[in-house]
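Trainee: Could we walk through this model together, one helix at a time?
Mentor: Happy to; let's bring it up and start.

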Amino acid sequence: SDLKLQKQIRREIVKDKTLSTYAHNVKVVARDGKVTLRGPVNSDAEKTAIEQKATQIAGAGNVTNELTVKESGGK
């Protein structure tokens, strides 16, 4: 189900302690097996890492990455 998919992806993201608080708080929206990722992250690396986690769970072609990288540098 979509809710299960959302929870699984969220769990994987939060489990990764290398990600920032911003990354841990991104919005994961699942609808009909398709997942959309939204919200700010600190870097392109985080954006990619989150997309990879979501793709591993939802499957290739089922993830829309709308994450944005925050402008201000630093952690």
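**Helix 3 and its surroundings**

Mentor: In this predicted model, the buried residues of helix 3 are Glu-46, Ile-50, Lys-53, Ala-54 and Ala-58.

Trainee: Why do those buried residues sit on the same side of helix 3?
Mentor: Start with the general rule: an α-helix has 3.6 residues a turn, so residues three or four places apart point the same way. In helix 3 the buried residues are Glu-46, Ile-50, Lys-53, Ala-54 and Ala-58. They are on the same side because the arc they cover around the axis is only 120°.

Trainee: Which residues are exposed on the other side of helix 3?
Mentor: One of them is Gln-56, which lies in helix 3. Gln-56 counts as exposed because its relative accessibility is 66%, and the cut-off for exposed is over 50%. The exposed residues on that other side are Asp-44, Ala-45 and Gln-56.

Trainee: What do the buried residues of helix 3 pack against?
Mentor: Helix 3 runs over residues 44–58, and its buried residues include Ile-50. Their packing partners are helix 1 (2–15), helix 2 (21–24), strand 2 (34–41) and strand 3 (63–69).

Trainee: Which residue follows helix 3, and what is its phi?
Mentor: Helix 3 has 15 residues and reaches 21 Å from its first C-alpha to its last, close to the 21 Å expected. After it comes Gly-59, with a positive phi near 100°.

Trainee: Let's turn to helix 1. How wide is the arc that holds its buried residues?
Mentor: The buried residues of helix 1 are Leu-5, Ile-9 and Ile-13. Seen down the axis of helix 1, they line one face, because they fall within an arc of 65°.

Trainee: And which residues of helix 1 are exposed on the other side?
Mentor: The buried residues of helix 1 pack against helix 2, strand 1 (27–31), strand 2 and helix 3. On the other side of helix 1, the exposed residues are Leu-3, Lys-4, Arg-11 and Lys-15.

Trainee: How many residues are in the largest nonpolar core?
Mentor: As a general point, nonpolar side chains tend to be buried together in soluble globular proteins. Here, helix 1, strand 1, strand 2, helix 3 and strand 3 each supply at least two residues of the largest nonpolar core. Those with the most contacts inside it are Ile-9, Ile-13, Val-26, Val-28, Val-35, Leu-37 and Ile-50. The size of this core is 16 residues.

Definitions and conventions: Residues are numbered from 1 along each chain as its sequence is written. This is a predicted model: local features need pLDDT of at least 70, side-chain atom pairs count only at pLDDT 80 or more; totals for chains, interfaces and linings use all residues. Side-chain values use heavy atoms; hydrogens and water are left out. Helices (H or I, at least four residues) and strands (E, at least two) are DSSP runs, numbered from the N terminus. The expected span of a helix is 1.5 Å times one less than its number of residues. Buried means under 20% relative accessible area, exposed over 50%, partly exposed in between (1.4 Å probe, protein chains only). The arc is that of the directions from the helix axis to the C-beta atoms. Contact means heavy atoms within 4.5 Å. A nonpolar core is a set of buried Ala, Val, Leu, Ile, Met, Phe, Trp, Tyr and Cys residues joined through side-chain atoms within 4.5 Å.
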